[in-house]
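Reader: I've got a structure here and a pile of labels I don't fully trust yet. Can we go through how each one is earned?

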Amino acid sequence: MSRHVIGIFEKIENAASAVRPLERESFKKEDMELLTGCQYPDGAVIEEDWDVPLWKFAVVGGLLGLMVGVFLAGATQWWMNLDVGGKPMAALPPLGVICYETTLLGVILGSLAGLFWFAGLPDWTDLPYDAEISRGKIALLVTCSDERQTELVRKIMVESGAQKVTLTEEES
Amino acid sequence: MSSREDIPADERLPAVETVRGQALDAGIQAGKESDFSISEDRLNDISLRPMFYTTKTYYVLTIILALIVAWGAACWGYQIVMGMGVTDLRHPVFWGLYISAFVFWVGVSHSGTMVSSILRLSKANWRRPILRGAEAMTVFSLLVAGLFPVIHVGRLWRIYYMFPLPNQRELWVNFRSPLAWDMAAIFVYLTSAFIFLFVGLLPDIALARDYCPAKNWRKGYLKFLALGWRGSHRQWIVYEKVSLYLAIFILMIAPSVHTIVSWDFAMSITPNWHTSIFGPYFVVGAIYSGIAGVITLMVTLRWIFNLDEIIRVTHLTNLSKVLLLMSIMWGYFYFTEFITSWYGNNPTETAIWRWQTDRFGPMLFTMLGINIFSIAALAFDSVRKSPGKLFVIGILVNVAMFIERYLIVVPVLTHRDNPFTWTDYIPSFVESSIAVAAMAWFLLLYALFVKILPIVTVSDIREGNALSCDMAFGNRHIRVHGDAEE
Amino acid sequence: MTLKSFNDKHDNDYHWAMVIDLDCCDGCGACTIACQAENNVPTVGEERAYDKRTMSWLRIERYFEGEWPNLRVVFLPMLCQQCDKAPCEPVCPVFATYHNPEGLNVMVYNRCIGTRFCGNNCPFGVRKFNWFKNRWEEPLEQQLNPDISVREKGVMEKCTFCMQRIRRGKDHAKDEGREVRDGEIIPACAQTCPTKAITFGNIRDSKSKVAELAKSKRRHHLLEEHGLETHVIYLKGGE
């Protein structure tokens, strides 16, 4: 059974001040999660230092798109061939135009797939969450293993100026 | 929709008047510049109010738009049953108002994604409130644009011959045709513009999901569309990177799309169409009319939904500066195109120019007049700071740009190589009805969008507010915007 | 069997061309009527003709030279020029119009979806579009040619050099195990022309009448500056 403590902070400074004491109590970075209604610079509260390898998705998507383009405007011309009075079966300029478009479509779809993959979407299950973040509040979520830790976290958060601290438990 | 009384008192949204009152109390007056940053709750209330509160005027306008669309649909049905003869098209004027409208709407779609991605990439701080409106404009104007080739074809029931669908008849698409490129480009652009819009919407859908009262009918689909977005720090890191990628690559797609649209003309041997300048000329014209469209829409949104605090005069002023730049660039391209064919003095082209100034003189001079006027007017600070004047200029510019597209398509066809075929063309009632209905269809789609998804980029504005503060600077206060990257 | 394997057998034997001697043409218009009857070209009536929606594949263009009273009328029979580098072909997204190995610019009505790009790209204005559903009042439908389809509304059409006659002539020659003889295939317009201004034949056969006439000093092509390699050759000499 894992317990999640969510502290709601009004100001970013308060949320940030809770991180250091938590780390001192041997809470690791993986145990803490920051939930916000808008983007904050990395390291403002928690430092992830995570260089998302999104380019892999974009490159794979682009290559797939390029293959679709070559297949459509090149290969199928031989497959569904039609003699047009001595003109070449597959013409290069159209191939270029079609490949440009399909490659970029592949990159865009790849990036979208990357968003879903790395951000863990879609996921409609009830993960620990507090709707207060939509009102501009900052939520700091800490995963604890037992009662003692829970109390400790609650204390640290209140001391750092949390407006509200809630506890959720989930079977696992 | 559930009425206000069904919602428990604590879940009720503040009434419009209350929010207005608070805004006025805080010293903000409509249209007046202020460095006051609004509170988080009020930001939500104001931004999501267009979604949750519907006035009587809105219903009336929507019903009128729907009726116009229905009339257009009826005209289209009539055209399908009777044949293309119900238009005024004739030999050899095979393209007319529909294709002009197609080029126009693809053009309008351009500034949405282009402006949005350029501003995102350059991290212009004033971009925040206008992103969503511009991106949504792209998607809806493309939907309208994509309709016109479908309306235009002679045998609608065989239009699937244009798609590369495997079949047993050994028929395939001719990828040599610019129309096939066009179809590919529009498909790619529509898909990516839709993704761009959706990814931009994601955090705001999550916000609307949290904001939405439990019994509201929107709760269900908002929950679904939010895809379980929690706003965790890791999600935001991914989100930032994906937004960057999308902005870069959509910036590569958008100009290619209008270039390909221009190639529908430039790749032919038709005099005056067969020019290499058409690609960039169309792109510039597209952004020009698109920016005018964005300005018009922004002012409309401000008026209808009281978004004065969100879309402020600064944003309109900045957009109008871009509009000024684009209008000058468009003028330069138009001049270049004209002077090269004038000096070339190719007999066919000269005949077409003469015909254009003669038969289409009033249209040509209206178009040029409006564009020159808008350049002159936008040079004045007082115009750039007045939403009303900008609204008028936005409408005028789009009228002018519609005429410009019409003058590209029609005079050439009525008056080309073979003098025996010279003729005239005036759009018929059916054609004009469909073109007007397309405008109504665009506005209707936009109006419905405002009701189902947040029209204001709330999380982006929130980020801007979080990263900025008021600073005492001598005797006055100034607003400073931070950037974590620097 | 793909189209290619079918074409390989017949490749390069024929290249159809037409010579029109403008010095012989008196503008009587018999060719347009013959074309209309042969190819099921609909008559559209006065009103639509006024709207420039006539369907004739072949028309007599009338031009005036000089000022009244020193006026001279010249005639130009205008039909599809069967360009070797036809501008209408590459722009069709569905291959409804394409080049066949006999140098003909053919039109597949059933494939056409009516984007009308081909018509825009034709500098001669010879492509015709079916703006409405065509009707033949009784008993006119009895004279429709069974060898050629009646076109649906919404498709393009144009002169085919009487494709059905070419096919019949070739079938006939094949049955007898020989090549098509010169003058064996005659399109409706050439057959009707009272002054024999129109000659049709295989220009690849150097002994054929068209090949002979094409060597004439009076030879010219229409809108040659476009470089379309048209296969309707006009002869026009002195007064």
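Author: Sure, and keep in mind that this is a predicted model. Let's begin with B:K385, which forms a salt bridge with B:D381.

Reader: What makes B:K385 and B:D381 a salt bridge?

Author: Their closest N and O atoms are 3.3 Å apart. The cut-off is a Lys or Arg side-chain nitrogen within 4 Å of an Asp or Glu carboxyl oxygen, so this pair qualifies.

Reader: And why is B:D381 called partly exposed?

Author: Its relative accessible area is 38%. Buried means under 20% and exposed means over 50%, so B:D381 falls in between.

Reader: How many salt bridges turn up over all chains?

Author: The search of the whole structure finds 36. One of them joins B:R90 and B:D88, with the closest N and O atoms 3.0 Å apart. Both of those residues are buried.

Reader: What about B:R120 and B:E135: which parts of the chain do they link?

Author: Their side chains meet in a salt bridge at 3.1 Å, N to O. B:R120 sits in helix 4 (residues 97–121) of chain B and B:E135 in helix 5 (residues 131–152), so the pair links distant parts of the chain, 15 residues apart. B:R120 and B:E135 are both buried.

Reader: Which residues are linked in a network of salt bridges?

Author: A:E132, A:R135, A:K137 and B:D41.

Reader: Now cysteines. How do you know that C:C80 is in no disulfide?

Author: The whole-structure search finds 0 disulfides over all chains. For C:C80, the nearest cysteine sulfur is that of C:C159, 5.7 Å away. A disulfide needs two cysteine sulfur atoms within 2.5 Å, so C:C80 doesn't make the cut. Looking from the other side, C:C159 has the sulfur of C:C80 as its nearest, at 5.7 Å, and is in no disulfide either.

Reader: Are those two cysteines buried or exposed?

Author: C:C80 has 5% relative accessibility, and C:C159 has a relative accessible area of 8%. Buried means under 20%, so both get that label.

Reader: What makes the nonpolar surface patch on chain B?

Author: The residues are B:V60, B:L61, B:I64, B:I68, B:W303, B:I304 and B:V436, and the patch is about 630 Å². Helix 3 (56–82) and helix 9 (278–305) of chain B each supply at least two of its residues. Helix 3 gives the most, with 4 residues.

Reader: How do you know that B:W303 counts as partly exposed?

Author: B:W303 is in helix 9 of chain B. Its relative accessibility is 48%, and exposed would need over 50%, so partly exposed is the right call. Patch residues need over 30% relative accessible area, so B:W303 meets that condition too.

Reader: Which residues form the negative surface patch?

Author: A:D42, A:E47, A:D49 and B:E240 form it. Asp and Glu count as negative, so the name fits. A:D42 is found in the loop between strand 2 (32–36) and helix 2 (54–79) of chain A.

Reader: Why is A:D42 called partly exposed?

Author: Its relative accessible area is 35%, which lies between the 20% and 50% limits, so the label follows.

Reader: Last one: what about B:T314?

Author: B:T314 lies in helix 10 (residues 313–344) of chain B. With a relative accessible area of 31%, it falls between the 20% and 50% limits, so B:T314 is partly exposed. B:T314 and B:V242 are 72 residues apart in sequence and 28 Å apart in space, C-alpha to C-alpha.

Key
Residues numbered from 1 in each chain as written. Chains lettered and ligands numbered in written order. Predicted model: local features only at pLDDT ≥ 70, side-chain atom pairs only at ≥ 80, totals over all residues. Heavy atoms only, no water. Patch = residues over 30% accessible without salt bridge, like charges linked within 9 Å, V, L, I, M, F, W, Y side chains within 5 Å. Areas by Shrake-Rupley, 256 points an atom, 1.4 Å probe, with all protein chains shown as cover. Charge placed at Lys NZ, Arg CZ, Asp CG, Glu CD. Buried < 20%, exposed > 50% of the residue type's maximum accessible area, 1.4 Å probe, protein only.
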